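Reader: I should be grateful for a close look at a single part of this structure. Please take one helix and describe its surroundings with care.

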Amino acid sequence: MNKHILTRLPVIIALAMLAACQPRSTNEQNTSAETTETVAGKSIQPADTGYAAVNGLKLYYEVYGKGKPIVLLHGSFMNIPLNWSHIIPLLAKDRQVIVAEMQGHGRTRDISREFSYENMADDVSGLLRHLKIDSADILGYSMGGGVAFQMAVRHPEQVRRLVVLSGTYAHDGWWPDVEAMYSTINADMFKGSPIQTQYDSLGNDPAHFPEFVKKVISIDLKPYDWSAEVKNIKTPLFMAIGDADGVRYEHALELFRAKGGGKMGDIHGLPQSRLAILPGTTHIGMMMQTDWLIPMITDFLDADLNAPPPMF
């Protein structure tokens, strides 16, 4: 990856993520809406919004729909509308969808606390207690995938099933050039991008935007490895990556094998956990693949994971 691409990549990410929040088909156009401060816009309104006082933080959240609860955890630099506006209407048809903005993101103001996956998982745990929800399905994308892994490690009693999209459980789960890229990211790369625009529009001080970028990227500048803990979680897991993602295939396969994969299901039975590698899909493109992802996610969440494999 040359220096020019490295320099431009964060802005490309910002623009692509905004595009990812827009509908891709006629049917989705009928159920999705423009990104606004109330996330899914006119076609669906939150049943509840507010701030949960957790761990010294005022964590902003929104709740949509009714049914079994699922928590959506956004990626780095993102917020609810940028990451989830096109996903919420699809999942809220028959589920209670809970979305939150992590420390320093969106309407959740930063505090003088280390930015870490562990802290954010504790915040999500506190949010569920605030909402009086004993357990929920947890879905995380990218950075949110790391938070989701930590939820299953630190608060397993609150996690029914776990969905991780393009996330890692160790710093070397990323391709080497991706991991090397993180140290090059700075606020100047986001000038004029949707990420900076959203940051300013949601009541944050524009002068603090460079601090925000520096603090968020700090999470990926420190080595981390939760392999032992994640492989030992009992929660059923569905992990999905793209075939052109930033996540190494071997990283996902290693975890899937530890969760019972790597065997012929017709002989040994199906594992409770699942793995998908989506064709023609990049890290950012993962969030655009709703036609594939939503049916796979809902099938995993609703399935009897102890059912025998199909037979002739």
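Author: The account below concerns helix H5, followed by remarks on aromatic rings and on confidence. The model is a predicted one, and the mean pLDDT of its chain is 89, with 87% of the residues at 70 or more.

Helix H5 spans residues 117-130. Its 14 residues reach 20 Å from the first C-alpha to the last, close to the 20 Å expected at 1.5 Å a residue. Eleven of these 14 residues are buried, so H5 is largely enclosed by the rest of the structure. The buried positions run from Tyr117 to Leu128 and include Asn119, Met120, Asp122, Asp123 and Gly126. Among the elements that cover them are strands E1 (48-54), E2 (57-64), E3 (68-73), E4 (95-100) and E5 (136-141), together with helix H6 (143-154). Just after H5, lysine 132 adopts a positive phi of about 60°.

Elsewhere, the structure contains 14 aromatic pairs. In one of them, the ring centres of phenylalanine 190 and phenylalanine 209 are 6.2 Å apart and the planes stand at 80°, so the pair is edge-to-face. Phenylalanine 190 belongs to the loop between helices H7 (176-181) and H8 (194-201), and phenylalanine 209 to helix H9 (residues 209-217), so the pair ties together parts that are 19 residues apart in sequence. Both of these phenylalanines are buried, and they form one aromatic cluster with Phe77, Tyr199 and Phe212.

Some caution is needed at residues 1-12 and 14-36: pLDDT stays under 50 over residues 1-12 and likewise over residues 14-36. Where pLDDT is low, predicted coordinates should not be read in detail.

Methods: Residues are numbered from 1 along each chain as its sequence is written. This is a predicted model: local features need pLDDT of at least 70, side-chain atom pairs count only at pLDDT 80 or more; totals for chains, interfaces and linings use all residues. Side-chain values use heavy atoms; hydrogens and water are left out. Rings of Phe, Tyr and Trp (its six-membered ring) pair if their centres lie within 6.5 Å; planes under 30 degrees apart count as stacked, over 60 as edge-to-face and the rest as tilted. Helices (H or I, at least four residues) and strands (E, at least two) are DSSP runs, numbered from the N terminus. Buried means under 20% relative accessible area, exposed over 50%, partly exposed in between (1.4 Å probe, protein chains only). pLDDT is the predictor's confidence in each residue, from 0 to 100. Contact means heavy atoms within 4.5 Å. The expected span of a helix is 1.5 Å times one less than its number of residues.
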